[in-house]
Amino acid sequence: MRDPRAGEITFREWHDRWWDARIVEPRTLRGDASTIKNHVMPHWADWEMRAVTRMDVQSWIRSLVEKGVGAAAIKRAYNLTSSIMRAAVDDDVIALSPCRRIDLPQIAIKPPQWFTTDQAQSILDELPAPWKTMCLLGVYTGLRWGELSGLHRHRIDQRRSRLFVVEVNTKRGIKEYPKSSRSRREVPLPAHVLEALERHIYRLDRDAVVFTTVTRGRAGRLLDDGNWRRQTWWPAVEGARYFDDDGEQQLVPHYPPHSMRHTCASWLVQKGVSLYEVQHLLGHESFQTTQRYAHLQPDAHKAVLGAWERMETPLTIAA
């Protein structure tokens, strides 16, 4: 039977117990700690757990909106608070979670940023030799940067022209598993990409990481995302030029390395590859993530245009 006095514990005290029992990735912990410090604790720290009502939670969300906190940050703060409350219910601290049927601000979905073939080619042309293969692979496989920089030689099946996503390069080194179960996957390699990859790996040991630092005296180390962007990616993007449809030379869009992944998905969808296949290729956990590319499908508006064309007497404007 639940002790009604258990709910007298303060939010901060219960949070501390909950936090110490969590099993999550270090990177997630750092982000969660920042969210709780900035958006959760200032409001809830001294509240008794039993005193928090559903309307109190809704009012807190409203206060965050009025302060100008972004929708994504509010959602993360709410999800953490909801987890804390669910754990309190499971441990009989409170009888019912106040985090239920709460209205949250909508998160605006940004369209994916992707390169045209001319833009991607101009970036490849600007990259130093060691990184051309890495970025070619990124565009044609859609691997995340951590998956690219964590790829091991023995994960490449040259006979079947496949690679296997298993290890990931993180701030704390190589992890032997990706971010989710869907991320562990097999990825096909186009012939020309495999040829470039074979030229790159033929001297590497079987268990070697494929792409590592090349600086004299520091060669062979795991790549650091920030350093690689600053020293390799951005100089190439800033130096790249392409010709638009009018024959005018233009700067390449200032997109980050993750846009190689968007580029892969966008090109495939435009060539008629189903969103289902793209989801599995990229290792998206949610189909909603893949649906961001739906508007690029060749037949995206085919049914609508076909309906208008079948109208017997369309509206007209006299010339």
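Surface patches are made of residues with over 30% relative accessible area and no salt bridge, nonpolar side chains being joined within 5 Å. In this predicted model, Val-304, Leu-305, Trp-308 and Met-311 form such a nonpolar patch, with about 420 Å² of accessible area together. Met-311 is located in the segment after helix 13 (302–309). The relative accessible area of Met-311 is 38%, so this residue is partly exposed.

Strand 2 (residues 162–165) pairs with two other strands. Strand 1 (residues 156–157) and strand 2 are antiparallel and are joined over two bridges, with Ile-156 opposite Leu-163. Four residues lie between the strands of this hairpin, and among them Ser-161 adopts a positive phi near 55°. Strand 5 (residues 185–188) also runs antiparallel to strand 2, through four bridges; Arg-162 has Pro-188 as its bridge partner there. The side chains of strand 2 alternate: Leu-163 and Val-165 are buried on one face, whereas Arg-162 and Phe-164 point to the other and are not buried.

The structure contains 14 salt bridges. Asp-157, Arg-160, Arg-162 and Glu-186 are linked in a salt-bridge network. Within this network, the closest N and O atoms of Arg-160 and Glu-186 are 3.3 Å apart. Arg-160 lies in the loop between strand 1 and strand 2 and Glu-186 in strand 5, so this pair ties together parts 26 residues apart in sequence. Arg-162 also forms a salt bridge with Glu-186, at 3.3 Å, linking strand 2 to strand 5 across 24 residues. Another salt bridge joins Glu-147 and Arg-144, whose closest N and O atoms are 2.7 Å apart. Glu-147 is buried at 3% relative accessibility, and Arg-144 is buried at 16%.

How values were computed: Residues numbered from 1 in each chain as written. Predicted model: local features only at pLDDT ≥ 70, side-chain atom pairs only at ≥ 80, totals over all residues. Heavy atoms only, no water. Patch = residues over 30% accessible without salt bridge, like charges linked within 9 Å, V, L, I, M, F, W, Y side chains within 5 Å. Areas by Shrake-Rupley, 256 points an atom, 1.4 Å probe, with all protein chains shown as cover. Salt bridge = Lys/Arg side-chain N within 4 Å of Asp/Glu carboxyl O. Buried < 20%, exposed > 50% of the residue type's maximum accessible area, 1.4 Å probe, protein only. Pairing = 2+ DSSP bridges.
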